[in-house]
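Student: Could you take me through the empty space in this protein, one opening or void at a time? I would like the cut-offs along the way.

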Amino acid sequence: MTLETIIPVTHDLGDFKVRRTLPAKTRTMVGPFIFVDQFGPARLPAGHGMDVRPHPHINLSTVSYLFEGAIEHRDSIGSHAVIEPGAINLMTAGHGIVHSERSPAATRLDGPAFYGMQTWLALPDDKEEIDPAFEHVDAATLPVVETPGVTARVLMGTLWGTTASTTCHAPTIYADILLNAGSSVPIDAEADERAVLVTEGVARLDGVPLDPFTLYIIAPGHAATLTASTRSRAMLLGGGGFSTPRHVFWNFVSSSRDRINQAKQDWKAGYFPVVPGDETDYIPVPEVPLTVSYL
């Protein structure tokens, strides 16, 4: 039983598409997840690459996860890591961090592949202003749950009796589920809020067909079953519900409008730290951000 359906807003960036389901006008969060982007699949032209210039975040954690390709991460606390499929990059902004995401030089010659998920998690009220941090979790260390026809990688939290080591600042569940045709997997009902997003193939939730790239919110406490009609991939996400609303503007998330306005002014004034190894470029605050804003 689904509580709500959110159709993605698609941004065509030329070489690839980004499909955004959160935040939406009808709903801003599922558990701590306040931003859900699915990008690709795509292959960029030879000699090209993805270049997300340095930009700031506050009061949230970013979670990067790839199905295909590679992304080089640098941030203002000195972190430098290349993420590849099956691994997690978790960057906690806290009181403020700046980062860039670019295609590694080695992938640009033939044109890099580009396919995966970018999500943001709001931080709880008492952790919004914690110190920035970065955590890279290798694919080999993330638990995989296997049953006939199903392979599920637990990325965050506890699912199907298995717990990932990835840091969770609030109750969080996140998983990448691969199903062969005719296979099924139960969707654990313990989390306050849950949603499913199919990125490949044809699948059904309790017998109801799921449109690709659409976010389906599952009713609280309902023990759902995900079944694949063809070989399919689905992302399961959610966690504990937030009692305090969050405001979103551009790359900033906070429980305080004033805090976001201060962050905007700080970025314009150059008060945020720079990214070692990527100091000379940056993204200015847009007048009208592509991120749906609720401020």
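Tutor: Here is a walk through the pocket and the cavities, with a little of the surrounding fold.

This is a predicted model, in which local features need pLDDT of at least 70 and side-chain atom pairs count only at pLDDT 80 or more, while totals for chains, interfaces and linings use all residues. Residues are numbered from 1 along each chain as its sequence is written, and side-chain values use heavy atoms, with hydrogens and water left out.

Let us set the frame. The protein has two helices and 26 strands; these are DSSP runs numbered from the N terminus, with helices being H or I of at least four residues and strands E of at least two. For 295 residues, a compact globule would have a radius of gyration near 19 Å, and the 18 Å found here agrees with that. That radius is taken over C-alpha atoms, and the globule rule is 2.2 Å times the number of residues to the power 0.38. Buried residues make up 55% of the 295, where buried means under 20% relative accessible area, exposed over 50%, and partly exposed in between, with a 1.4 Å probe and protein chains only.

Now to the spaces themselves. Rolling a probe the size of a water molecule over the atoms shows where empty space is left. On a 1 Å grid over the protein atoms alone, a cavity is a set of points where a 1.4 Å probe fits but cannot get out, whereas a pocket is an open set with protein on both sides within 12 Å along at least five of seven lines; lining residues have an atom within 4 Å of a point. Grid points are joined across faces, edges and corners, and a volume is the space filled by probe spheres set on the points.

The largest pocket has a volume of about 820 Å³. Its lining has 32 residues, and Leu-13, Arg-20, Asp-37, Val-52 and Ile-283 lie nearest its centre. Strands S3 (17–22), S4 (33–43), S5 (51–57), S10 (97–102) and S11 (113–122) each supply at least two lining residues, with the largest share, five residues, coming from S5. By class, this lining divides into 17 nonpolar, nine polar and six charged residues; Ala, Val, Leu, Ile, Met, Phe, Trp, Tyr, Cys and Pro count as nonpolar, Asp, Glu, Lys and Arg as charged, and the others, Gly among them, as polar.

Two of these strands also bring us to cis peptide bonds. One joins Leu-22 and Pro-23, with omega about 0 degrees, and Pro-23 lies in the loop between S3 and S4. Another joins Gly-40 and Pro-41, with omega about 5 degrees, and Pro-41 lies in strand S4.

As for enclosed space, a search of the whole structure finds two cavities of 30 Å³ or more. The largest cavity holds about 40 Å³, and its lining includes Pro-32, Leu-121, Met-156 and His-169. That lining has seven nonpolar, four polar and no charged residues.

The second largest cavity has a volume of about 30 Å³. Thr-62, Ser-64, His-73, Asn-89, Met-91, His-99, Glu-101 and Phe-134 line the second largest cavity, and S6 (60–69), S9 (88–92) and S10 each supply at least two of its lining residues. Here the classes come to two nonpolar, five polar and one charged.
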